[in-house]
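Please open the model in your viewer and keep a selection tool at hand. The stops below go from single residues to whole chains, with the cut-offs given where each term first appears.

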Amino acid sequence: MQGIKRRDALLGALAAPMVVEQVGAQSAFDWKRFRGERIEVSVQLSPRGNLLTQHNREFEELTGIRAGVEVVPEQQHRQKIIIEYASGRPSFDVGEVSLHVNKRQVGRARWNTDINALIADRTLTAPDFDFNDFAQGMREYATQADGRMDTLPAFADYFILYYNKELLAAKNIAVPTNFDEMFDSAKRIEDRSRQIYGHVGRGLKNANVVLWSSFLLGTQQRDMINAQRQLITDTDDAIWATRQYQRFLRDASPPGSIGFNWNECQTTFMQGRAAMWIDGIGFAAPLEDPTRSRVAGKVGYALVPRGPVNHHCALFGAGYGIPENSRKKGPAWLYLQWALGKQMQLRMLAAGAGVPARLSPFSNEEVIGQSRFPREFFSTLQASGRIARAGLPEILPVTEFRDVIGTALTNTIGGADPVAEMRAATAAFKPVLERSEREG
Amino acid sequence: MTPRRNYARRYVWFVVPAAFAVVATILFPWLFTIYVSAFDWRLGGAREWVGFANYTKLFSDERFGWAMLRTLLYTAMAVVFPLILGLVAALVFNQKFPLRGLARTVFILPMMATPVAVALVWTMMFHPQLGVLNWLLAQIGIPPSMWVYSPDTVIPTLVVVEVWHWTPLVMLLILGGLASLPGDPYEAAKIDGATALQCFWHITLPLLAPYIVVALIIRTIDALKAFDTIYVITQGGPGSASETINIFLYLQAFAFYNVGYASAVVVVFFAIILALAALLMWTRQRVKQ
């Protein structure tokens, strides 16, 4: 876990007046009503999880509740919470749910309690909680089809275009605004003798689907399932997206990209070996760390290029929920109010740990001005919010979908025909989806 | 009632705790796994009794078939190479030479490392642009390899990690065997004018055979079970190029939550391991005789 740095302390000091103001406003609210209780919190290992552990003492002092925060790597965490939910006795009272992976599964089984009911309870909700401060899109993202909101939205992760300003400037190349421009720029920058590549992106199966969906979102069809909830991954638009994916990964990326997940891409970009990289905005922090990155201060942030018909960036996100079987829903709700309160969300934005679900952090010019991230980062983030669209289909077997489609995409990097691969993958996954739709 | 039966009855209660532990931790999970394998069950969804349908599906599942073939290929390589190299290393370390103790200690160091830590270090070394292995190749004028980043080289590369990690274990097992070999046959052979190679082929190897078979059994079971290093380094990729049975099983159970189908995989895979172990045990008996 990263320690608190001087810059973070300064940001904390800047945000301090807001805390004092909040405490004044909440003087009537009894934060200590559950004093002496203990709750367990299970979140993913990420800069957001680190923020929660760093500031956990603040929650404990505010409420008198002891909170044990368990931080587990992303993939293992997703599996762990599902297995614990299914057991009927989850070990945690607050759990992070990846909305782009587990939303439907958690919602269908009604594993979490409805947050709407807790928000409506005036005795349990602080007067300044201000639910309307959560972005409309994020509130909708966290709401199930039946209207229940079984997680409180925590953060969004938009896909953006990271670029190396130096490499682009050296060839007098402007930031690309469409995929053809981006590919041409990548080829112009490429210098294989110096191991400099125009692009780097996810090639590893499963992880790679979200890059492919960044291309697909720019087409007429945009989505992976249609209004009748049928799979449409072998259409002309889907094949177009696959061809884009293939040419970027096969012709403009470093050899071996077929096995790259986000971390290999990040390392390659940080070493100054790749000029452009489309990935989640949550990966920005290490790029600007001069002790780890050779491109700190030289990173450009831009919107994902426009597609032939539409302009969207892939949206992912997570929320924090309270298991229906938790015996400590009250203390857990206080934890959610603190963890996703204005102060913590501001810290998230200032640390570059993700895009807060609340709107208020974006209006805090003082904290944004002190951030190590350039203005361009924040403007890209806000502009991405306006064009964001779900990067994965909201279906139950989403991991299986990523596995099957991801394998086909990986095969295309090896030279396989995009049409044949996508048709075969679609045929393989169709029965899985149909069955899950019948059940779900 | 005979005194012998009295004795058994008096002490039968001492067996109960151990029997309970065996039933609770081995027998019950096994019976439950077999029971679950007869259901079409996705975690969080409904359960439907399907009898042997999961097994029939398994044998027509192309992905399972490929995973099985990869597992066998990986196992064959991850057993044969450590056995050969371990045997050679044991013969070398059985000789007397300066700093032999230190050399032995250094040689067995990989075995002491945690598999996940080992996998993470190798992953960094395999990186096609930033890894030290390709840098070393470049220093001697050899073109870079894609290591685990190519479907063609991923399995042999994973075997390299396994060989590096577990050859010391084979060496230790065979070294123990070498230390217990009698000296008389060698003296007799020397008097008869046998060469070193003849001594090795006609005396050392046959006498070492039981130890080699033990190493073979341990390595085979270990290699069949291999999961951690493969998962950390490749997660079964690129594509499905390194998806062994264990990775396939893991995905079915913990990524796709197909609990019923995954249970069927466990049952079939266990039967295969059991059959292989029985074959190897039978071979060991034959060798002993």
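## Stop one: loops of chain A

Select R110(A), which counts as partly exposed because it has 13 C-beta neighbours inside 10 Å; on this scale a residue is buried if 20 or more other C-beta atoms lie within 10 Å of its own, exposed if 12 or fewer, and partly exposed in between, with C-beta atoms placed from the backbone. Before going further, note that this is a predicted model, in which local features need pLDDT of at least 70, side-chain atom pairs count only at pLDDT 80 or more, and totals for chains, interfaces and linings use all residues. Residues are numbered from 1 along each chain as its sequence is written, while chains are lettered from A and ligands numbered from 1 in the order in which they are written.

R110(A) sits in the loop between α5 and α6 (115-120) of chain A, where helices (H or I, at least four residues) and strands (E, at least two) are DSSP runs numbered from the N terminus. Although R110(A) is not a glycine, its phi is positive, at about 55 degrees.

Move next to N206(A), in the loop between β5 (197-200) and α10 (209-216) of chain A. N206(A) is not a glycine either, and its phi is positive, near 80 degrees; with 25 C-beta neighbours inside 10 Å, N206(A) counts as buried.

In the loop between β5 and α10 of chain A, select L204(A) as well, which is buried, with 25 other C-beta atoms within 10 Å. Leaving aside residues up to four places away in sequence, L204(A) touches G259(A), F260(A) and N261(A) in chain A, and Q235(B) and G237(B) in chain B; two residues are in contact if their C-beta atoms, placed from the backbone, lie within 7 Å. A distance label from the C-alpha atom of L204(A) to that of A227(A), 23 residues apart along the chain, should read 29 Å.

## Stop two: across to chain B

From G237(B), step to P238(B): the peptide bond joining them is cis, with omega near -5 degrees. P238(B) is found in the loop between α10 (228-233) and α11 (245-255) of chain B.

Now colour by chain and select the contact, which takes 28 residues from chain A and 24 residues from chain B. On the side of chain A that touches chain B, the elements giving two or more residues are α4 (74-87), α5 (99-109), α12 (262-270) and α18 (398-413) of chain A, and α18(A) gives the most, with six residues. That side divides into eight nonpolar, 13 polar and seven charged residues, where Ala, Val, Leu, Ile, Met, Phe, Trp, Tyr, Cys and Pro count as nonpolar, Asp, Glu, Lys and Arg as charged, and the others, Gly among them, as polar.

## Stop three: a helix pair in chain B

Select α3 (residues 62-93) and α7 (residues 154-179) of chain B, whose axes come within 6 Å and cross at roughly 40 degrees. The residues of the contact of α3(B) with α7(B) divide into 23 nonpolar, two polar and two charged.

## Stop four: chain A as a whole

Finally, show all of chain A, with its 19 helices and 10 strands. The C-alpha atoms of chain A fill a box of roughly 65 × 50 × 30 Å, taken along the principal axes. Of the 440 residues of chain A, 52% count as buried. Among the contacts in chain A with a separation of 6 or more, 77% come from residues 24 or more positions apart.

Note on methods: Axes fitted to C-alpha atoms, helices over the stretch in contact; angles between N-to-C directions.
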